[in-house]
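Okay, thanks everyone, I'll keep this short. Have a look at the fold while I talk, and stop me if something is unclear.

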Amino acid sequence: MGDLILRGCKTIAEYAFRRWMAENGFANGHFTLKVTGNEGIIKDSSGDTLRLTYDSETKMVSAE
């Protein structure tokens, strides 16, 4: 799983967000992810969004 997620990631935060998405059932191709620094926005086809934050000290992703 890790190798497939890592492909195309430009930052550790993006990798952490994509791994979090995979572990929480966000199927590839059904959601988009936009990453800015340590924040990510997941968007679905109806326009609903979920904000993610990556903490580089704890290496944890949290959803708001």
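So, let me start with strand E2, which has two faces: Gly40 and Ile42 are on the covered one, while Glu39, Ile41 and Lys43 are on the uncovered one. Keep in mind that this is a predicted model.

Now, what does E2 pair with? On one side there's E1, antiparallel to E2 and joined to it by five bridges. If you want a register marker, lysine 34 sits opposite isoleucine 41 of E2. The hairpin between E1 and E2 has two residues between the strands, and glycine 37 there takes a positive phi near 65°.

E2 also pairs with E3, again antiparallel, over five bridges. Here the marker is glutamate 39, whose bridge partner in E3 is threonine 53. This hairpin has five residues between the strands, and glycine 47 has a positive phi near 95°.

Okay, over to the helix, H2, residues 12–23. With 12 residues at 1.5 Å each, H2 should span 16 Å, and its end C-alpha atoms are indeed 16 Å apart, so the two agree. Which residues of H2 are buried? They are Ala13, Glu14, Ala16, Phe17, Trp20 and Met21. These cover an arc of only 160° around the axis, so they end up on the same side of H2. Over on the other side, Ile12 and Glu23 are exposed. And what covers the buried residues? The cover includes strands E1, E2, E3 and E4.

That brings me to the core. In soluble globular proteins, nonpolar side chains tend to be buried together. Here the largest nonpolar core has 10 residues: Ala13, Ala16, Phe17, Trp20, Met21, Leu33, Ile42, Leu52, Tyr54 and Val61. H2 and E3 each put in at least two of them, and H2 has the largest share, with five. If you like following one side chain, try tyrosine 54: beyond its neighbours within four places in sequence, its contacts include Ala13, Ala16, Phe17 and Val61, plus Asn38 and Lys59.

Last bit, the aromatics. Trp20, Phe26 and Phe31 form one aromatic cluster. Within it, phenylalanine 26 and phenylalanine 31 have ring centres 4.9 Å apart and planes at 70°, so that pair is edge-to-face. Phenylalanine 31 itself is partly exposed, at 27% relative accessibility. And just after H2, glycine 25 has a positive phi of about 80°.

That's it from me, happy to go back to any of it.

Note on methods. Residues numbered from 1 in each chain as written. Heavy atoms only, no water. Phe/Tyr/Trp six-rings, centres within 6.5 Å; stacked < 30°, edge-to-face > 60°. Buried < 20%, exposed > 50% of the residue type's maximum accessible area, 1.4 Å probe, protein only. Helix = DSSP H or I, 4+ residues; strand = E, 2+ residues; numbered from the N terminus. Expected span 1.5 Å × (residues − 1). Arc of directions from axis to C-beta. Contact = heavy atoms within 4.5 Å. Core = buried A, V, L, I, M, F, W, Y, C linked by side-chain atoms within 4.5 Å. Pairing = 2+ DSSP bridges.
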